[in-house]
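User: Please take a close look at one part of this model and then work outward from there. I would like one connected account that I can follow on the structure.

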Amino acid sequence: MRTLRHFAGLLIGVVVTAAVLGGGGWAVQQALSSASANPAGGQQMWIALGAMAAVGLVVGLVVAGRVSPMATFVPSMVLLAWTVVYSLDVNRAISLIPAEPSVNQIIRDVGTGDKLLLTTGVFALLGVALFIPVLMPSRWSRRHEDEDEDYEESPQGGYY
């Protein structure tokens with residue numbers, strides 16, 4: 001049962017990684033383009049802020065929830081590894097972002113937002129925040145309620 005919990009955490013981690021990279025990158029790019037528009041704001045800005053709030057909600061639920069620590073380990077390693085590659089070789093890290101004209105415009109928008117989040121250190125900050133739950137030993141063990149299923153009541157039925 002434990003391995004199933006951690007496998008589910010791995011799958012949730014992949015979804016959280018996609019939400020942070022895809023949703024977060026797209027929302028940042030949309031917010032920037034909306035802020036530079038004349039007049040600033042409008043419906044595009046509200047949609048971008050809603051997408052940012054949704055990504056923040058997903059990350060917050062995974063960090064605060066009682067899910068397998070694999071759910072935070074996967075996105076933290078992706079974000080921290082990309083940050084390390086960026087700190088060692090800027091051109092290689094930037095080359096991982098799709099920017100060719102043959103790529104769909106939405107994917108290019110995601111890449112533009114991810115580039116901003118990577119170069120400003122937001123991915124490093126978020127990667128460290130997502131890694132903290134991995135260090136808590138209580139996250140790796142089962143809940144106490146699960147272990148109490150094997151307990152049998154005494155037939156005498158006392159107070160103790």
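Analyst: Leu-4 sits in helix H1, which covers residues 2-36. The model is a predicted one. Is Leu-4 buried or exposed? Leu-4 has a relative accessibility of 53%. The cut-off for exposed is over 50%, so Leu-4 counts as exposed.

Leu-4 does not stand alone on the surface. Together with Phe-7, Leu-10 and Leu-11, Leu-4 forms a nonpolar patch there. The four residues share about 370 Å² of accessible area. Leu-4 can also be placed against a distant part of the chain. Ser-68 is 64 residues away from Leu-4 along the chain. Yet the C-alpha atoms of Leu-4 and Ser-68 are separated by 9.7 Å.

Now step back to the whole chain. The chain has 8 helices and 0 strands. Read along the sequence, the pattern is α-α-α-α-α-α-α-α. The chain has 160 residues, and 29% of them count as buried. Its accessible surface comes to about 10,200 Å². Carbon and sulfur atoms account for 66% of that surface. Take the contacts between residues at least 6 apart in sequence: 77% of them join residues at least 24 apart.

Next, the interior. How many residues does the largest nonpolar core have? The largest nonpolar core has 16 residues. Val-20, Val-59, Leu-79, Trp-82 and Phe-123 have the most contacts inside this core. Five helices each supply at least two residues of the core: H1, H2 (43-64), H3, H5 (105-119) and H6. H1 gives the largest share, with 4 residues. So helix H1 holds the exposed Leu-4 and also supplies this share of the core.

Leu-79 is one of the core residues with the most contacts. Leave out residues up to four places away in sequence, and Leu-79 touches Val-20, Leu-21, Phe-123, Leu-126, Gly-127 and Leu-130. Two of these names, Val-20 and Phe-123, also appear among the core residues with the most contacts.

Move one residue along to Leu-80, which is in helix H3. With residues up to four places away again left out, Leu-80 touches Ala-124, Gly-127 and Val-128. Gly-127 is thus touched by Leu-79 and by Leu-80. Leu-126 is touched by Leu-79. From Leu-80, Leu-126 is 46 residues away in sequence and 8.5 Å away in space, C-alpha to C-alpha.

Aromatic rings give another link between distant parts. By the rule used here, there are 2 aromatic pairs. One of them is Phe-73 with Phe-131. A pair of aromatic rings is described by the distance of the centres and the angle of the planes. For Phe-73 and Phe-131, the centres are 6.2 Å apart and the planes stand at 45°. This pair is classed as tilted. Phe-73 lies in helix H3 (residues 70-88) and Phe-131 in helix H6 (residues 122-131), so the pair ties together parts that are 58 residues apart in sequence. Are these two rings at the surface or in the interior? Phe-73 is partly exposed, with a relative accessible area of 29%. Phe-131 is partly exposed too, with 24%.

Stay with helix H3 and go to Ser-87. At 55% relative accessibility, Ser-87 counts as exposed. Ser-87 and Thr-119 are 32 residues apart along the chain. Their C-alpha atoms are separated by 9.4 Å.

Last, the charged side chains. How many salt bridges does a search of the whole structure find? The search finds 1 salt bridge. The salt bridge joins Arg-92 and Asp-89. Their closest N and O atoms are 3.9 Å apart. The cut-off is 4 Å, so this pair qualifies. Arg-92 counts as exposed, at 54% relative accessibility. Asp-89 is partly exposed, with a relative accessible area of 33%.

How values were computed
Residues are numbered from 1 along each chain as its sequence is written. This is a predicted model: local features need pLDDT of at least 70, side-chain atom pairs count only at pLDDT 80 or more; totals for chains, interfaces and linings use all residues. Side-chain values use heavy atoms; hydrogens and water are left out. Rings of Phe, Tyr and Trp (its six-membered ring) pair if their centres lie within 6.5 Å; planes under 30 degrees apart count as stacked, over 60 as edge-to-face and the rest as tilted. Buried means under 20% relative accessible area, exposed over 50%, partly exposed in between (1.4 Å probe, protein chains only). Patches are made of residues with over 30% relative accessible area and no salt bridge: like charges are joined within 9 Å, nonpolar side chains (Val, Leu, Ile, Met, Phe, Trp, Tyr) within 5 Å. Accessible areas come from the Shrake-Rupley method with a 1.4 Å probe; for residues, only the protein chains shown count as cover. A nonpolar core is a set of buried Ala, Val, Leu, Ile, Met, Phe, Trp, Tyr and Cys residues joined through side-chain atoms within 4.5 Å. Contact means heavy atoms within 4.5 Å.
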